[in-house]
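Me: I have a protein model to read and some questions about it. Let us take them one at a time.

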Amino acid sequence: MNRRSMIATGAALVLLLGGAGGAYYYVDHKKSSEEAAEKAETDSLKLMEFDSNDVNAIDITTAEGYFKIKQEENGEWTIEDSDYPYKFTPYSYQMNVIASAMSRLKADHKADVKKEDLGKYGLDDPVTVVCHAADKDYTVYVGSSSVTDEFCYVMLPDDDTVYCIDNATGLELSGDIAKLCDPYVLECVDNDIMRFALVHNGEVVYDLSRNEDNTAIWSFNGPVTDVSIDAITVNTILTNMVRIERADFECFTKDEAELAKHGLDDPAYTFTVETSDKTITLEFPEISEDDEKVWCYDADTYELCTISSGNAAFLSGKWQDLTTKQVMSVSFYDAKTLEIDVDGEKHILDIDRENSAYTFDDIDVMSKGNEEAAKDFEYLYASVSEIKHGDFREDIPEKMGEPTCTFTYTLTDGTKRKLELVPIDDSNYWAYTDGRCIGMTVERSAIDGTNGCLSFIEKLNADLGIENK
């Protein structure tokens with residue numbers, strides 16, 4: 001190749017390489033520009049970002065009213081100001097959900113909406129949500145959902161763009177009263193309840209109060225009194241009741257016509273709960289076994305809602321369900337003597353704690369050195385003090401019949417208590433406690449069954465070498 005050809009070839013290569021470099025620069029620049037534009041578009045869909053823990057108050061303005069809700073030091077939310085005609089307790093969980101949703105609010109895309117068409121998207125009169133944080137306020141205008149319920153339309157202050165956010169997030173931000181108000185039917189904790197009562201068609205079903213000096217003790221105010229209450233059962237019921245959530249929120253109303261639609265203009269049931277600082281009154285219509293849900297009206301807040309029929313089971317409860325299972329329970333440590341008279345067979349148990357002595361029919365049980373005898377002495381006592389009752393009946397005889405079983409306790413303080421069993425038939429007794437019958441019955445097997453007192457009398461006699469009668 002001569003010199004001229006070499007120069008020409010070199011020049012061609014320079015031009016070729018220069019063109020390739022220019023093309024590469026163009027393609028790379030275009031790609032970078034597209035990526036930058038794509039990033040800018042993605043960033044523009046990030047509507048707001050902040051720490052939800054910094055939110056100390058939330059303002060919500062809807063077609064129903066304005067609510068200024070602040071967070072207290074204990075983390076609970078309370079309504080500080082509102083023009084809504086009804087008072088309610090805000091649901092703290094929902095308020096935290098709103099703060100969290102706002103703190104990371106982003107759109108899926110932008111909607112092509114003309115300003116004059118905002119009304120079609122619910123943005124001519126939107127719900128306004130303002131989160132007040134330490135550094136600034138964050139505001140969003142929430143419109144309606146898309147036809148497919150896939151998106152919700154929102155706007156930001158000083159921005160004409162209509163954004164499409166996830167519809168579920170939009171529903172959380174929409175300020176729906178059903179979501180804002182606390183879903184629990186009883187807005188209190190079980191340990192704060194000092195009294196609760198149920199009235200059905202004017203008659204007291206049960207009415208109980210907690211002892212102010214010893215809150216573990218409950219007593220009946222009606223329809224009976226001086227009946228032993230099973231505190232564990234009562235506390236379990238209350239624990240379950242304060243967890244009852246409404247199934248559906250209907251509205252807040254004082255309208256008698258609206259209440260009449262659901263049988264609440266003249267409610268069949270009234271359930272009352274009292275704490276140290278408030279009274280809660282819930283009203284219910286008559287219910288049937290076929291009801292899946294039961295209407296419930298809070299006479300204090302005017303909230304109308306439903307609860308599941310399962311949660312309404314307490315309405316069919318009876319005072320008898322709250323009593324102890326024992327007919328007359330006297331602690332072994334409170335008794336000095338127990339006199340037993342069963343079908344004419346009489347025995348006396350004497351308990352001398354100071355000298356650690358048990359006496360059975362004048363026989364010193366402990367002096368025998370028989371551990372089985374001491375154990376069966378205690379079992380015998382328990383077989384009487386833990387006699388369980390059966391059904392409660394209403395056909396109580398006007399006059400007490402002749403008892404065939406009598407158990408008389410003398411307590412360490414000298415007090416006497418007596419349980420008398422009067423035969424109803426061959427299998428059941430009426431139970432009279434301290435001379436009174438409230439319809440409690442006892443089965444014959446509680447006396448002569450495997451764990452009945454007659455069985456332990458027989459065992460104790462055998463332990464002591466006494467011939468059984």
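**Reading the model**

T272 sits in strand 13, which covers residues 269-274. Keep in mind that this is a predicted model.

Me: Is T272 buried or exposed?
Reply: Buried means under 20% relative accessible area. The relative accessibility of T272 is 17%, so T272 counts as buried.

Me: Which residues does T272 touch, not counting those up to four places away in sequence?
Reply: Contact means heavy atoms within 4.5 Å. With residues up to four places away in sequence left out, T272 touches R195, F196, A197, T279, I280 and T281.

Me: Where does T89 lie?
Reply: Look at strand 3 (77-82) and helix 2. T89 is in the loop between strand 3 and helix 2.

Me: Is T89 buried, partly exposed or exposed?
Reply: Buried is under 20%, exposed is over 50%, and partly exposed is in between. T89 has a relative accessible area of 34%, so T89 is partly exposed.

Me: Which side chain makes a polar contact with the side chain of T89?
Reply: Leave aside neighbours within four places in sequence, and T89 is in contact with L180, C181, D182 and E187. A polar contact of 2.6 Å joins the side chain of T89 to that of E187.

Me: What separates the C-alpha atoms of T89 and A247?
Reply: Along the chain, T89 and A247 are 158 residues apart. In space, their C-alpha atoms are separated by 17 Å.

Me: How many residues of helix 2 are buried?
Reply: Helix 2 runs over residues 92-103 and has 12 residues. Its buried residues include M95, V97, I98 and M102. The helix is mostly covered, and the buried count is 9 of 12.

Me: How many cavities of 30 Å³ or more does a search of the whole structure find?
Reply: The largest cavity has a volume of about 40 Å³. The second largest cavity also holds about 40 Å³ of space. For cavities of 30 Å³ or more, the search of the whole structure finds 2.

Me: How do the lining residues of the largest cavity divide by class?
Reply: The lining is made of V185, L186, M241, I244, F271, L282, F284, I307 and F314. Val, Leu, Met, Ile and Phe count as nonpolar. The division is 9 nonpolar, no polar and no charged.

Me: How many charged residues are in the lining of the second largest cavity?
Reply: K87, F88, T89, C181, E187, F252, T301 and E303 line this cavity. Lys and Glu count as charged. By class, the lining has 3 nonpolar residues, 2 polar and, as charged, 3.

Me: Which strand gives the largest share of the lining of the largest pocket?
Reply: The largest pocket holds about 410 Å³ of space. Strand 9 (195-200) and strand 10 (203-210) are the elements that give two or more residues to its lining. The largest share is 3 residues, and it comes from strand 10.

Me: Which residues lie nearest the centre of the largest pocket?
Reply: The lining divides into 10 nonpolar, 4 polar and 4 charged residues. Of the 18 lining residues, those nearest the centre are V205, K318, W319, Q320 and E394.

Me: What span does helix 7 reach from its first C-alpha to its last?
Reply: Helix 7 covers residues 371-385, which makes 15 residues. At 1.5 Å a residue, 21 Å is expected. The span reached is close to that, at 21 Å.

Me: Which helix do the buried residues of helix 7 pack against?
Reply: The buried residues of helix 7 include F377, L380 and Y381. They pack against strand 17 (335-342), strand 18 (345-352), strand 19 (357-360) and strand 21 (405-411). The helix they pack against is helix 9 (453-464).

Me: Which residue does a cis peptide bond join to G222?
Reply: Omega of this bond is about 0°. The partner lies in the loop between strand 11 (218-222) and helix 5 (231-241). The residue joined to G222 is P223.

Me: Is S356 buried or exposed?
Reply: S356 is in the loop between strand 18 and strand 19. Its phi is positive, about 50°, although S356 is not a glycine. Exposed means over 50% relative accessible area. S356 has 52%, so S356 is exposed.

Definitions and conventions: Residues numbered from 1 in each chain as written. Predicted model: local features only at pLDDT ≥ 70, side-chain atom pairs only at ≥ 80, totals over all residues. Heavy atoms only, no water. 1 Å grid on protein atoms, 1.4 Å probe; cavity = no way out; pocket = protein on both sides within 12 Å on 5 of 7 lines; lining within 4 Å. Points joined across faces, edges and corners; volume = space filled by probe spheres on them. Helix = DSSP H or I, 4+ residues; strand = E, 2+ residues; numbered from the N terminus. Expected span 1.5 Å × (residues − 1). Buried < 20%, exposed > 50% of the residue type's maximum accessible area, 1.4 Å probe, protein only. Polar contact = N/O pair within 3.5 Å; in protein donor to acceptor, adjacent residues only side chain to side chain.
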